[in-house]
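Biologist: I am new to reading structures, and I would like to look closely at a single part of this one. Could you pick a helix and walk me through what surrounds it, step by step?

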Amino acid sequence: MKNSNIQWIGEIPDDWEVLKVKDGFYRKKAKAFQKDPVVLSLARSGINVRDISTNEGQLAESYYEYNPVDIEDILINPMDLISGDNCNISKTKGVISPAYINLRYKLGFNPYYYNYYFKIQYWTKAFFAHGKGVSYENRWTLNNETLMKYPILVPPLPTQTAIAAYLDAKCSEIDGLIADINKQIETLNELKKSTITEAVTKGLNKNAKLKDSGIQWIGMIPEGWSVSRVKYLGKSQNGISKGGEFFGEGFPFVSYGDVYKNISIPNKVEGLIRSTQQEQINYSVKYGDIFFTRTSETIEEIGFSSVCLSTLYLQDF
């Protein structure tokens with residue numbers, strides 16, 4: 001073994017080299033100039049063909065200036081360096097937005113090995129450490145020059161090929177296990193939902209006489225129960241609303257994530273906001289308060305609820 005002189009890698013086998021991306025890859029910058037191209041999209045699950053006939057998602061006015069993609073090109077998303085492994089190898093010919101970086105391998109470099117290598121750079125936040133931009137959350141980007149000078153490990157080509165084949169087989173096996181586990185989780189989640197629904201709408205007495213609630217999605221309810229509207233159960237208000245410059249310091253506040261991720265509001269929250277004493281009183285969270293997510297990026301995430309199980313005054317966190 002020898003020192004790679006790269007801190008996060010450490011030692012590497014004696015017959016491996018350390019070079020730069022530009023030594024092993026060309027960055028493809030050509031324009032497709034195609035009228036009806038196969039339009040591709042980059043996802044962590046792979047590179048997919050977009051159905052632009054549905055007019056769903058963001059569509060370009062013209063795909064003439066999109067970059068052509070060949071089979072075994074590596075596509076890298078330089079704009080999202082924190083949410084996951086935003087790179088993949090193409091198994092389809094087509095075109096893709098020039099916002100992505102398109103790499104074509106040189107002789108002696110196995111693209112399947114380097115597809116895994118680049119994924120590691122996302123997972124370890126190594127790409128993130130080399131990003132630049134306005135802020136970590138906004139436009140934190142890996143520019144082309146930085147990427148092309150980025151260090152890569154270069155094992156002998158047979159070793160690259162053997163490693164890629166090994167990882168393909170192992171990852172396929174692991175993906176199968178993940179799929180089985182996810183199916184079990186989905187089944188358990190459905191059981192959880194049905195158990196909660198049954199208890200909330202029917203009660204615990206299995207022998208109780210039932211009546212029609214008059215609400216289609218609820219159906220029958222115990223005879224002694226009544227139906228009311230939420231507005232008669234208490235008062236409601238929106239949460240504190242301020243510009244982005246007020247966030248990041250000051251007093252703790254209950255955030256969207258605190259509601260979305262939890263059945264009950266955590267006793268300790270991480271969000272901070274500069275707020276007045278009166279705002280702290282107005283928006284203090286009391287035992288029994290129920291929260292709902294009013295908006296979201298997807299319909300499925302609207303209406304998530306969480307309950308407060310202890311009184312939390314903003315200035316006393």
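**A helix and its surroundings**

Modeller: Let's take helix H2, which is mostly covered, with 10 of its 13 residues buried. Please keep in mind as we go that this is a predicted model.

Start with the helix itself. H2 runs over residues 111-123. From the first C-alpha of H2 to the last is 19 Å, close to the 18 Å expected for its 13 residues at 1.5 Å a residue. The buried members of H2 include five tyrosines, namely Tyr113, Tyr114, Tyr116, Tyr117 and Tyr122. Pro111, Asn115, Phe118, Lys119 and Gln121 in H2 are buried too.

Now look at the two ends. At the start of H2, Asn110 offers a side-chain oxygen that comes within 2.8 Å of the backbone nitrogen of Tyr112. At the other end, H2 is followed by Lys125. You will find Lys125 in the loop that links H2 to helix H3 (126-129). The phi of Lys125 is near 65 degrees, which is a positive value in a residue other than glycine. Lys125 counts as partly exposed, because its relative accessibility is 34%.

Next, zoom in on one residue inside the helix. Tyr114 lies in H2. Is Tyr114 buried or exposed? Its relative accessibility is 0%, and under 20% counts as buried, so Tyr114 is buried. What does Tyr114 touch, once residues up to four places away in sequence are set aside? Its partners are Phe25, Ile74, Phe109, Ile152, Leu153, Val154, Pro155 and Gln160. Let's place some of these partners: Ile152, Leu153 and Val154 fall in strand S12, which covers 151-154. Gln160 belongs to helix H5, and that brings us to the partner helix.

H5 spans residues 157-202. At 1.5 Å a residue, the 46 residues of H5 should span 68 Å, and its end C-alpha atoms are 66 Å apart, so the two values agree. To get a feel for distance here, compare Tyr114 with Glu190: these residues are 76 places apart along the chain, and their C-alpha atoms are separated by 40 Å.

How do the two helices meet? Two packed helices are described by the angle between their axes and the distance between the axes. For H2 and H5, the axes come within 8 Å and cross at roughly 65 degrees. The crossing of H2 past H5 is left-handed. On the H2 side, the contact is made by Tyr112, Tyr113, Tyr114 and Tyr116. On the H5 side, these tyrosines meet Gln160, Ile163, Ala164, Leu167, Asp168 and Cys171. Sorted by kind, the residues of this contact are 8 nonpolar, 1 polar and 1 charged.

Here is a handy idea for reading the numbers on the H5 side. An α-helix has 3.6 residues a turn, so residues three or four places apart point the same way. Try it on the list: Gln160, Ile163, Ala164, Leu167, Asp168 and Cys171 are the H5 residues in the contact, and you can step along them in the structure yourself.

Which residues of H5 are buried? They are Gln160, Ala164, Thr201 and Lys202. Two of these names, Gln160 and Ala164, have come up before, as residues that meet H2. What covers the buried residues of H5 includes H2 itself, along with strand S12 and strand S14 (220-222). Just after H5 comes Gly203, with a positive phi of about 85 degrees.

Let's finish by following S14 a little further. In the loop between strand S13 (210-212) and S14 sits Ser213. Ser213 counts as buried because its relative accessibility is 12%. A polar atom of the Ser213 side chain lies 3.1 Å from the backbone nitrogen of Ile215. Setting aside residues up to four places away in sequence, Ser213 touches Ile218, Gly219, Met220, Ile221 and Val227.

So, to gather the picture of H2: this helix has 10 of its 13 residues buried, Tyr114 among them, and four of its tyrosines, Tyr112, Tyr113, Tyr114 and Tyr116, meet H5.

Key
Residues numbered from 1 in each chain as written. Predicted model: local features only at pLDDT ≥ 70, side-chain atom pairs only at ≥ 80, totals over all residues. Heavy atoms only, no water. Axes fitted to C-alpha atoms, helices over the stretch in contact; angles between N-to-C directions. Helix = DSSP H or I, 4+ residues; strand = E, 2+ residues; numbered from the N terminus. Left-handed = near helix turned anticlockwise from the far one by under 90°. Contact = heavy atoms within 4.5 Å. Nonpolar A, V, L, I, M, F, W, Y, C, P; charged D, E, K, R; others polar. Expected span 1.5 Å × (residues − 1). Buried < 20%, exposed > 50% of the residue type's maximum accessible area, 1.4 Å probe, protein only. Polar contact = N/O pair within 3.5 Å; in protein donor to acceptor, adjacent residues only side chain to side chain.
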